[in-house]
Amino acid sequence: MADEIKYEYKTVQTVRGTNGLVISKMQKDGWELVEQAQGTLRATLNFRRPKKPQPWLLIGTAAAFLVILAIVIGVASALSDGGEKKVESDKSTAVASEKPSATPTPTAAESAATEVITPQNNPEFAALLTADSCDDANLDFATRHKGQTVAFNGSIVNMAPHGDYDTRYDFLLGPGDKGPNTGVGPAFKYEDVNIADLKLTAKKIPATVGAGDKFRFVAAVGEFNADQCLFFLDPISTDIR
């Protein structure tokens with residue numbers, strides 16, 4: 001039927017405690033929740049939304065315009081090729097006469113990569129730790145600082161076995177000391193790690209850890225999954241507080 005609505009579908013898995021935030025975010029993007037299956041530690045959410053009609057006429061017009069533009073650029077490039085060769089030759093002569101610097105100055109990016117980001121030295125990170133776990137600030141920070149090191153005081157919100165493993169876990173971490181009752185800040189996640197991967201430091205190292213335990217987390221910034229509202233980190237060290 002010509003008027004039949006066609007849908008696109010998406011399935012999202014969430015950890016316990018984040019269902020409401022994920023559903024709210026998806027609904028803002030036009031998705032409708034059609035089914036929800038709650039497991040012991042994780043939930044599976046199925047969404048749908050109407051597909052947008054394809055503007056075929058506009059696509060065809062744009063394609064024709066691009067072909068014409070490519071031809072015009074090719075002709076202009078051919079006409080200017082002779083002049084550019086002379087300019088490039090002059091530039092090569094000038095570069096050959098320059099002496100390289102004995103001690104290259106590090107770029108701003110290289111300097112930033114060696115700095116550990118904390119709430120005390122980075123206002124953006126301080127604001128992130130008090131933002132909603134689905135806030136766009138999570139994606140912005142992850143994009144700008146991927147691979148860099150952050151350090152913050154936090155606690156374990158939830159800890160669950162990874163898949164069928166007995167000694168590898170998924171950790172949900174939050175800023176502050178409230179553990180499972182954490183209500184603000186990103187939903188930081190360590191995925192598929194064992195206790196040794198945490199690199200615990202203290203006078204007395206415990207054999208295991210659990211929800212509610214408080215630490216000073218030092219970790220590398222990973223990806224932010226906007227569908228699950230999860231901010232992935234890679235553990236570097238974990239100081240017991």
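A pocket here is an open set of grid points with protein on both sides within 12 Å along at least five of seven lines. With that in hand, welcome to this predicted model, in which the second largest pocket holds about 160 Å³ of space and the largest pocket about 380 Å³. The protein has five helices and nine strands, and a search of the whole structure finds 10 salt bridges. Here is a tour by topic.

**Overall build**

- Reading along the sequence, you will meet the pattern β-α-β-β-α-α-α-α-β-β-β-β-β-β.
- Of the 241 residues in the protein, 32% are buried.
- Among contacts with a separation of 6 or more, 60% are between residues 24 or more positions apart.

**The second largest pocket**

- Its lining consists of Leu21, Ser24, Lys25, Lys28, Asp29, Asp132, Cys134, Asp135 and Asp136.
- Helix H1, which spans residues 19-28, gives the most to this lining, with four residues.
- Sorted by class, the second largest pocket is lined by six charged, two nonpolar and one polar residue.
- Two of these lining residues, Lys25 and Asp29, also pair with each other: their side chains meet in a salt bridge, with N to O at 3.4 Å.
- The two partners differ in exposure: Lys25 has a relative accessible area of 17% and is therefore buried, as buried means under 20%, while Asp29, at 41%, is partly exposed.

**The largest pocket**

- In the largest pocket, 19 residues form the lining, and Gly17, Thr18, Val157, Leu172 and Thr182 lie nearest the centre.
- Strand E4 (149-161) and strand E5 (169-175) are the elements that give two or more residues to this lining.
- Of the elements, E5 gives the most to the lining of the largest pocket, with three residues.
- By class, the lining of the largest pocket has nine nonpolar, eight polar and two charged residues.

**Salt bridges across the fold**

- Glu32 and Arg48 form a salt bridge, and their closest N and O atoms are 3.2 Å apart.
- Glu32 sits in strand E2 (residues 32-38) and Arg48 in strand E3 (residues 42-50), so this pair ties together parts that are 16 residues apart in sequence.
- Both partners are partly exposed: Glu32 has a relative accessibility of 38%, and Arg48 has a relative accessible area of 23%.
- Another salt bridge joins Arg241 and Asp177, with the closest N and O atoms 2.5 Å apart.
- Arg241 belongs to the segment after strand E9 (230-240), whereas Asp177 is in the loop between E5 and strand E6 (188-193), so the pair ties together parts that are 64 residues apart in sequence.
- Arg241 is partly exposed at 39% relative accessible area, and Asp177 is also partly exposed, at 44%.
- Arg168, Asp192 and Asp197 are linked in a network of salt bridges.

**Asp170, a buried residue in strand E5**

- Asp170 lies in strand E5 and counts as buried, with a relative accessibility of 7%.
- The Asp170 side chain makes a polar contact with the side chain of His162 at 2.9 Å.
- It is also worth finding Asp192 here: the side chain of Asp170 reaches the backbone nitrogen of Asp192 at 2.9 Å, and Asp192 is part of the salt-bridge network with Arg168 and Asp197.
- Leaving aside neighbours within four places in sequence, Asp170 is in contact with Arg42, Asn158, Met159, Ala160, His162, Lys189, Tyr190, Glu191 and Asp192.

**Ala187, a buried loop residue**

- Ala187 lies in the loop between E5 and E6, and with a relative accessible area of 9% this residue is buried.
- The C-alpha atoms of Ala187 and Cys134 are separated by 8.5 Å, although these residues are 53 residues apart along the chain.
- Cys134 may already be familiar, as one of the residues lining the second largest pocket.
- Setting aside neighbours within four places in sequence, the contacts of Ala187 are Ser133, Leu172, Leu173, Cys229, Leu230 and Phe231.
- Among those contacts is Leu172, which is also one of the residues that lie nearest the centre of the largest pocket.

Methods:
Residues numbered from 1 in each chain as written. Predicted model: local features only at pLDDT ≥ 70, side-chain atom pairs only at ≥ 80, totals over all residues. Heavy atoms only, no water. 1 Å grid on protein atoms, 1.4 Å probe; cavity = no way out; pocket = protein on both sides within 12 Å on 5 of 7 lines; lining within 4 Å. Points joined across faces, edges and corners; volume = space filled by probe spheres on them. Nonpolar A, V, L, I, M, F, W, Y, C, P; charged D, E, K, R; others polar. Salt bridge = Lys/Arg side-chain N within 4 Å of Asp/Glu carboxyl O. Buried < 20%, exposed > 50% of the residue type's maximum accessible area, 1.4 Å probe, protein only. Polar contact = N/O pair within 3.5 Å; in protein donor to acceptor, adjacent residues only side chain to side chain. Contact = heavy atoms within 4.5 Å.
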